[in-house]
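Open the model in your viewer and keep the selection panel at hand. The stops below go through charged pairs, then the chain contact, then the domains.

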Amino acid sequence: MLSMRRFKAMVAKEWKDGIRNPHILLNAGMPILLALLFAQKDGDPADLTFLTVPILVAISITGAFVQAAMIAEEKEKNTLRALMLSPATKLEVLAGKSATTVLFALIVIAACIVISGVPDVNIAYLAILSVLLLMIFMALGTVIGLIARTASESSIVGLPVLLFFIFGPIFVPDLDVPVLMNVIRWLPSQQYVVAITELHRDGAFGSIAGQMLNLLAWTALTGALCFLAYGRQRFDK
Amino acid sequence: MKQAIIKVENLGKQYKKKQALKGISFEVQQGEIFGFLGPSGSGKTTTVKILTSQLIHTTGRVQVLGNDPGRSRRPAFLARIGVLTDNSGLYDRLSVLDNLVLFCRLYGVSEKRAGAVLEAVNLSGDGKTPVGKLSKGMKQRVTLGRAILHEPDILFLDEPTSALDPVNSGRIRETLLEMNRRGTTIFLTTHNMQEAEQLCHRVAFLNNGELSALDTPQALRLRYGDRTITVTTREGSRVIAQNEAGADEVSALMRSGELLAIHSNEPTLGDIFVQLTGRGLE
Ligand SMILES: Nc1ncnc2c1ncn2[C@@H]1O[C@H](COP(=O)(O)OP(=O)(O)OP(=O)(O)O)[C@@H](O)[C@H]1O
Ligand SMILES: [Mg+2]
């Protein structure tokens, strides 16, 4: 059972703390910076990369790293112990953090869209794809946060995720390494980029059904992973 | 007839290699200030963690407020206990008041309690200060404030010594005694016997995971005192046994006007601990 009062108390605290936390501000600022850099380059208008990459980066970096940093720091500073000694439950604490991460992500995504513009596709489909991608990365962030013991460790544990999931689809297609590309192809981030490109070309739901299915599978997989890590992690030793 | 609010029977805790508690038994009555004394590594924190549902014991039985704390990580149980440990942190970037307000909301008590509690721990001027800018002792007083926000039925204090530094100790001791008068049971661990003597109704001596004594400080002093007095004359001090010969000696000193001072040799709790366990408390 989730107490709404305690959930709201957690969100209010996370927000107040988050906007004073350089680590979180850095992670939230990075996608915006990237969007600004991308906006400087004169891109081929037919190339959607300029529009999708900033959103992809906003969703993945904010979703994964803000979430991970918030969870890990709570352990690092021993504040989790105090929370766990209060009537707040693990679920309420995690829900409060997740809601705050969503809040941060929405702001960063909005900023990126303002800077680089919206891809010319069906907004409803784009929103569904984006929500799924955000859930996937937040689940990954939760797992990273649960594994890492400190906020800086969460960056270290998360770095492989960053390189693989985020930069894979951005750089690997240009590398001409078929083996790597075969792996990258199945990543949710790559599927997201492909789906938006398909939507732009075709516009029909049928053209992105495969990608949608892949994202749903990733959501289920990372969700289960998250549940596993959450269950195993004893907040108190 | 007072009720036992904490019941511990044959409590044992085995860490991977270390047997931290070797079957201890005691009861804490409602309304009591109970002192748990022992040197470093004797198992005080382990006991507090078990009583406050942070750790599961390996053998024996534990009841706190009628619950098995290991199985009742339930909000209703946690709302009735307050815990001050040396290792529970505060949010450095938030102000003192914001830290407390969060917990007011989590406990569902009026946010006005935050201000009242700041006064009780002598920090009323520092509500707006970010916790990161406070000294260690001040932080611990905030932590104490947080532990008493919701007026718990039992307050667990694990070595509150730095919160009780000489400057603030008076105010905070007063706060604790006042809470106790209003019905809060206090379970205090310390290796500072002065603290224990000043506050506790009963004390238990823990050594190496075993209890070696449990009684009121007065009873312990009477039982283990060696019934001597020290007299001081111009020539110096000497110890005199409390018997007939000693009485004659003292009265002679009194008559001759040589006696400058006279002290009863009541042992401190620390002395008794050494006597019982062969090791010191510090
Ligand atoms: N998590 C743990 N894993 C293994 N051993 C532990 C653990 N926690 C405590 N111990 C051991 O159990 C014993 C009791 O420790 P505990 O922390 O309860 O002592 P304490 O009386 O609180 O000491 P102090 O006065 O230093 O705080 C010690 O020997 C300690 O090394
Ligand atoms: Mg200890």
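A residue is called buried under 20% relative accessible area, exposed over 50%, and partly exposed in between, with a 1.4 Å probe and protein chains only. By that scale B:Glu9, at 43% relative accessibility, is partly exposed, because 43% falls between the two cut-offs. Keep in mind throughout that this is a predicted model.

**Stop 1: B:Glu9 and B:Arg61**

Select B:Glu9 and then B:Arg61. Their side chains form a salt bridge, with N and O 3.9 Å apart. A pair of this kind is counted within 4 Å, so 3.9 Å qualifies. The two residues belong to distant parts of the chain: B:Glu9 is in strand 1 (residues 4-14) of chain B and B:Arg61 in strand 4 (residues 59-64) of chain B, with 52 residues separating them. Is B:Arg61 buried or exposed? B:Arg61 has 54% relative accessibility and is exposed, because the cut-off is over 50%.

**Stop 2: B:Arg105 and B:Glu111**

Stay in chain B and select B:Arg105 with B:Glu111. The closest N and O atoms of this salt bridge are 3.0 Å apart. B:Arg105 is partly exposed at a relative accessible area of 30%, and B:Glu111 is likewise partly exposed, at 42%. Next, select B:Arg113, B:Glu151, B:Glu174, B:Glu178, B:Arg181 and B:Arg182 together. Salt bridges with shared partners connect these residues into one network. Side chains of opposite charge can pair when their charged atoms come close.

**Stop 3: B:Arg93 and A:Glu73**

Now show both chains. Which residue of chain A does B:Arg93 pair with in a salt bridge? The partner is A:Glu73, and the closest N and O atoms are 2.6 Å apart. This pair crosses between chains: B:Arg93 is in the loop between strand 5 (81-84) and helix 3 (96-107) of chain B, while A:Glu73 is in helix 3 (residues 49-76) of chain A. A:Glu73 is buried because its relative accessible area, 13%, is under 20%. B:Arg93 is partly exposed, at 22%. For the whole structure, a search over all chains finds 24 salt bridges.

**Stop 4: the contact between chain A and chain B**

Select the residues of each chain that touch the other. The selection should hold 27 residues of chain A, in contact with 26 residues of chain B. About 2500 Å² is buried between the chains, 58% of it on carbon and sulfur atoms. Within chain A, color A:Arg81, A:Leu85 and A:Pro87: they lose the most area to chain B, together 25% of what that side buries.

Between chain A and chain B there are three salt bridges and nine residue pairs in polar contact, both residues at pLDDT 80 or more. On the side of chain A that touches chain B, helix 1 (4-18), helix 3 and helix 4 (79-85) of chain A each supply at least two residues. Helix 1 of chain A gives the most, with eight residues. That side of chain A divides into nine nonpolar, five polar and 13 charged residues.

**Stop 5: the domains of chain B**

Finally, color chain B by domain. Select 4-221 for domain 1 and 226-265 for domain 2. The C-alpha centres of these two domains of chain B lie 43 Å apart.

Conventions
Residues are numbered from 1 along each chain as its sequence is written. Chains are lettered from A and ligands numbered from 1 in the order in which they are written. This is a predicted model: local features need pLDDT of at least 70, side-chain atom pairs count only at pLDDT 80 or more; totals for chains, interfaces and linings use all residues. Side-chain values use heavy atoms; hydrogens and water are left out. Helices (H or I, at least four residues) and strands (E, at least two) are DSSP runs, numbered from the N terminus. Contact means heavy atoms within 4.5 Å. Buried area is the accessible area (1.4 Å probe) that two parts lose on being put together, summed over both. A polar contact is a pair of N or O atoms within 3.5 Å; within protein, one must be able to donate a hydrogen and the other to accept it, and residues adjacent in sequence count only if both atoms are side-chain atoms. Ala, Val, Leu, Ile, Met, Phe, Trp, Tyr, Cys and Pro count as nonpolar, Asp, Glu, Lys and Arg as charged, and the others, Gly among them, as polar. Domain bounds come from an automatic or database domain assignment.
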